[in-house]
Amino acid sequence: MRKLLLQLDTSANPSVFDRVVAYDGGADEIMSCSGVTEDTVRDHVHGAIFTRGPKDLHNTAVFIGGTDMAAGERLLKVVRETFFGPMRVSVMLDSNGSNTTAVAAVVKLQQAGDVRSRRAVVTAATGPVGMRAAGLLALAGANVTVTSRRAHGSAKLAADIKERFSGVTVDPVAMSDASQAGAVLEGCEFLLSAGGFGVRLVPREAWAKRAGLIAAADVNAVPPLGVEGIDAMDNGADRDGIKTYGALGIGGLKMKIHKACIAKLFERNDLVLDAESILEVARTLI
Amino acid sequence: MRKLLLQLDTSANPSVFDRVVAYDGGADEIMSCSGVTEDTVRDHVHGAIFTRGPKDLHNTAVFIGGTDMAAGERLLKVVRETFFGPMRVSVMLDSNGSNTTAVAAVVKLQQAGDVRSRRAVVTAATGPVGMRAAGLLALAGANVTVTSRRAHGSAKLAADIKERFSGVTVDPVAMSDASQAGAVLEGCEFLLSAGGFGVRLVPREAWAKRAGLIAAADVNAVPPLGVEGIDAMDNGADRDGIKTYGALGIGGLKMKIHKACIAKLFERNDLVLDAESILEVARTLI
Amino acid sequence: MRKLLLQLDTSANPSVFDRVVAYDGGADEIMSCSGVTEDTVRDHVHGAIFTRGPKDLHNTAVFIGGTDMAAGERLLKVVRETFFGPMRVSVMLDSNGSNTTAVAAVVKLQQAGDVRSRRAVVTAATGPVGMRAAGLLALAGANVTVTSRRAHGSAKLAADIKERFSGVTVDPVAMSDASQAGAVLEGCEFLLSAGGFGVRLVPREAWAKRAGLIAAADVNAVPPLGVEGIDAMDNGADRDGIKTYGALGIGGLKMKIHKACIAKLFERNDLVLDAESILEVARTLI
């Protein structure tokens, strides 16, 4: 019985990236649906759960993707509500690669040192990668500060993270531009820059040679990078005693995690792979 | 040479249900097209018949699906008109699963007893499942009564069935609500309730313990079921001497039929699987 | 590692024809995208080049198709611009089958005789098949005359061919209707009729028994054919000393070329299969 992956994509065309990784992760065939919304997703899920007997349903799985993480989260909710009793299949949420990227970055930082009770700063954490990485770091015991451009945004972000990640608390800070990075990074031991393509968030003088800083990571691959002085290829480079991780260095692990998660989906029929559970899968890889 | 199934779906996304069953039925690869109309279908069919030599064309086949059976029937007509000489592939019509469901229900009733010259009642036969089941029962020699809510509808229905099924005659009866079921079922020996989800058509007192009634089946899986007192899991249960079949009991056979039909498509290049021929395939399974 | 073909189709549904040939040509899986435009293609290409390491990228390839060759050419341009360094995959352009058809027709004519320094006439060369065939014949050393209905169109066509095919020169001639074919074919040694379905361009008296004419080919399969007296099945038939090739005779080679090109795509990650390079692949087949 072939392993069938149902790709539920919220965008107009099903992601090519997700399809290649799904094949390489072990899906035998991919059933792609595009432009999927909360209104149309139930029929697709019924097609997944009503076609094979419960003992075979681990050979069918769902992958939720697309460029919009909020849309993906809404789909995941409806997908889970559509399951009942043994009529369910494993499901993974990774819109825009945000979950696997966040997990890869967090794993890298944790490889550099124990984050428990240490101060971690996640810049531009309003995006899906930053938001998830901040929540995962907080769950791991770090004292997390999240930044966004406006004070209002950072407060809402902290509330969103609290709601999404089992009530963890993070400190919101407004950082309207890069000139404030130095002040924000006071006492920072782990830095993750989670901003978008081509936006410099942290100038060199704000982090390089900073006493106490253990590791700095940046998920932006498009110059200028988010953290000045990190190279996109960095993968644990030692820069004046600080371990650094660039987008491509993190990306290798991200791909490995994504593929491992696809394989995992087909081991049982009741797995839900979202940020926390993807982190668990990642831990088995290192 | 791989077995390629061309899925022509009249809905906006290609049915996931049909794709899973097609893989499990033996298609190696599925080429899905969605939103297919009579105007666009010829190009797709040309792609199927002009790419492999006549002796290899049994490795390509067409499946017509989607939620709208009338749209599927129109596609089937154009698909068949596009074929010529040896340039043809086998094709199956099963929009909304109506053909395979109707066939499964008819097979179940026939397993309970010989329908020839016996009175069968199909309620809510205006839907595609009921319409096909009524025609198949009539072809098998039953004296079939079909009901619809309005007198006008049931007369048109009888005419439609006559046109679709080689001139068979069925008796149309209006049954505006469940209170009339008792009268309609006078003398009934086989009952099939073909109504939609969650609509009760036949109350318990109208059928239970009815003298002469041999079997009762219901294709509605969503409570309240169409026939009060039948359980969706019933698969030949004996209820006071009457054999009963619920939607899930019928559903198991329906899946088996659907898969067998997919396999059959690839045995030759000139098969047309519609209600009657699907029934023939089903008979080879029991 | 499976061979994945990314089908970028500019039409509303991905071509079934191209999918069947891709499977038969050796693609393990096809990732179809439809309605692809210059604005949306980059994301798809990123999905192809950022998912496997450079040493594995020969297992991913791109096929550009759809009914509109001009749209396909625009996509090819953006696809190539999206590649960088080793981050690239092989790509083939064959919108509407125009490249493989043109190449097959040219190969057939060349099999009939050496085209170098000989006069070739391509009628209705404004279409994508004729335009490419004319360019390829000119590159091969023939003295090519191209016809279109209006003088303005033929002049523009000659300029377009010059720009597309490394500066080759072809002679533009207006041929407003079939009555002028005799005059246009004065001195013609190779004739290719590249007009659309069901349009007669060359009456029998204009070519049959013409002294010096070595071969005549016609890519139109729908009667009336473009060249009166050629049979669609002709594949080197001798008609009064002139070798003739009909659409189906050419079509067999076209299919072989198309499949061989698909296989070729997966041998390396930097191949670009457009008219000239498809002709090179074709030469290895004969």
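Biologist: Which residue of chain A comes closest to the rotation axis?

Modeller: Glu29(A) does, with its C-alpha at 4.7 Å. This is a predicted model, in which local features need pLDDT of at least 70, side-chain atom pairs count only at pLDDT 80 or more, and totals for chains, interfaces and linings use all residues. Residues are numbered from 1 along each chain as its sequence is written, chains are lettered from A in the order in which they are written, and side-chain values use heavy atoms, without hydrogens and water.

Biologist: What makes the axis relating chain A and chain B three-fold?

Modeller: A rotation of 120° with 0.1 Å of shift along its axis superposes chain A on chain B, at RMSD 0.0 Å; the fit is by least squares on C-alpha atoms of residues with pLDDT of at least 70 in both. The two copies are therefore related as by a three-fold rotation axis.

Biologist: Why is α2(B) called oblique to α3(B)?

Modeller: The axes of α2 (residues 41-49) and α3 (residues 69-82) of chain B come within 10 Å and cross at roughly 45°. Angles under 35 degrees count as roughly parallel, over 145 as roughly antiparallel, 65 to 115 as roughly perpendicular and the rest as oblique. So α2(B) is oblique to α3(B).

Biologist: What makes β7 and β10 of chain A edge strands?

Modeller: Seven strands form an open, mixed sheet in the order β7-β6-β5-β8-β9-β11-β10 (chain A). Pairing requires at least two DSSP bridges between two strands. β7 (171-174) and β10 (235-239) of chain A each pair on one side only. By contrast, β8 (residues 190-193) and β9 (residues 215-218) of chain A pair in the parallel sense over four bridges.

Technical notes
Axes are lines fitted to C-alpha atoms, for helices over the stretch in contact, and angles run from 0 to 180 degrees between N-to-C directions. Helices (H or I, at least four residues) and strands (E, at least two) are DSSP runs, numbered from the N terminus.
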